[in-house]
Each structure stands twice: as structure tokens, then as C-alpha cells.
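The following exercises concern the fold, the annotated spans and the interior of one protein chain. Each task is followed by a worked solution.

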Amino acid sequence: MAGIVASPNPTPFGSLFPGSNGNPFASLLPSSFPPGTPQHIVDAFRYSDKDGNGFIDDQELKAVLSTCNHGFSLRTIHLLMYSFTATNTRLMGPKEFTQMFTSLQQWRDVFEKNDRDRNGKIEFHELQQTFQTLGFNVPKAVLKLLLLKFDRTGKTPALDYDKFIECCISVKGLANKFKENESAATGQATFSYESFLFSVMPFVLA
């Protein structure tokens, strides 16, 4: 029985986790800004790249995103970096930064669209709708576990924007890893021990 079923319908997050096959602990190769990158994204990266080496680290990324209405915990920053570089080097180049920055605008739109009561948090029924928007049919029991995992306030579980991003990246990333090893859309996948560790460890170590 499949726990999380990925929809065949494309979503605005189809480019998340580019090049996710292989060793997540490999080195990150240098990159450049894609053609037509908006100037404000170029400026944000170059301002953060203090030593001009073509990469920004986790602390630099956290700082620049906080100035752009994206205040994230360091764990969420690490998940974002892994998601868009497919490595755990905790570095990011111009190409990956541009992809991430553009996608975060989409994530923000999805969050605000599904925060129907406008309280700045995503609750159970809103999270269920959000995953459907992203193309994932997540069982209710799993949704409840996710809310308890990412919101430990002891009150009615709900996710603020930071925890929402952390939750969605984790679910989508692991679901993508499952799909890479799934056999002909059967809802079943076979992993070698090493492949399983490489699939899970980046989310554990973030």
C-alpha cells in the first residue's frame, strides 16, 4: 500500500530537487546566473557573497533571506540548500540561488492561499489542501504526525511559514526519493541499504 501518492499532474514545484540522484555529499560545482535572472536576485546574491568566490554559505543565505521577508531557522536553510543543490555541502551558487528564490515566491503564494483564516498558520485541513495542490495525496494519519512533529506548542497543531516550508520540503523530498526507486507506479520501491541512507540522511542531518 502506498503511503504518499504523487500525482501525475505538474505543479509549480516540479523543479524542486534538481539532479537529486547520486551522492548528496558530493562537491557542489560552480554555476552562473540563468539568462534573464532579475537584477534584484543578482544583487542579493552578490551582496551575500562577501569573498566573491561564487558561493554563499548557510549563514549568508539565512541573512539575505531574512531581508526578503523569508525568515527561516537554520534547519530550514539547510533543507533549502540541499533541495536546490542535491548536495549537503551547505553552499549555494548563483544558479541554485535563483531557482530557490523564485520557488520561494511560489511557496509563499501557496501558503497565503491556503491560510484561509489569515492567522499566519496552516492548520490540519489547510495542510491537507496544500499537499493536494502540490500533487501529493498524504493520508490523514501522516498529516497528523507531521503537524505534531513540526509544531510542539501543545496547543492546536498548526505550522507557521518557516515550519510549513520545512515540512513541505521534507515530504516532497522523501516522496521524490521514493519515486526514483518506484517500480512502474506500483506504490512499492526497492532500496539498497546505501541508497536508503543517502535518501534519508540529508533530512536527518539538516
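**Exercise 1.** Among contacts in the chain between residues at least 6 apart in sequence, what percentage join residues at least 24 apart?

*Solution.* The model is a predicted one. Of the contacts between residues at least 6 apart in sequence, 65% join residues at least 24 apart. The elements involved are eight helices and four strands, arranged along the sequence as β-α-β-α-α-β-α-α-β-α-α-α. Buried residues account for 42% of the 206 residues. The chain exposes about 10,600 Å², of which carbon and sulfur atoms supply 55%.

**Exercise 2.** Characterise the spans that UniProt lists for "domain: EF-hand".

*Solution.* Begin with the record: the unreviewed UniProt entry lists residues 36–71 and 102–137 under this name. Next, take residues 36–71, where the chain is 53% helix and 6% strand, with end C-alpha atoms 26 Å apart. Then turn to residues 102–137, which are 64% helix and 6% strand, with end C-alpha atoms 25 Å apart.

**Exercise 3.** Which residues have the most contacts inside the largest nonpolar core?

*Solution.* This core has 42 residues, and those with the most contacts inside it are Leu61, Leu65, Phe97, Phe131 and Phe164. The elements giving two or more residues to the core include helix 2 (58–66), helix 4 (94–114), helix 5 (124–133) and helix 7 (161–181). Helix 7 provides the largest share, eight residues. Finally, examine Phe164: leaving aside residues up to four places away in sequence, Phe164 touches Trp107, Val110, Phe111, Ile122, Thr130 and Leu159.

Conventions: Residues numbered from 1 in each chain as written. Predicted model: local features only at pLDDT ≥ 70, side-chain atom pairs only at ≥ 80, totals over all residues. Heavy atoms only, no water. Buried < 20%, exposed > 50% of the residue type's maximum accessible area, 1.4 Å probe, protein only. Contact = heavy atoms within 4.5 Å. Areas by Shrake-Rupley, 256 points an atom, 1.4 Å probe, with all protein chains shown as cover. UniProt positions renumbered as here; feature names shortened; annotations may be inferred. Core = buried A, V, L, I, M, F, W, Y, C linked by side-chain atoms within 4.5 Å.
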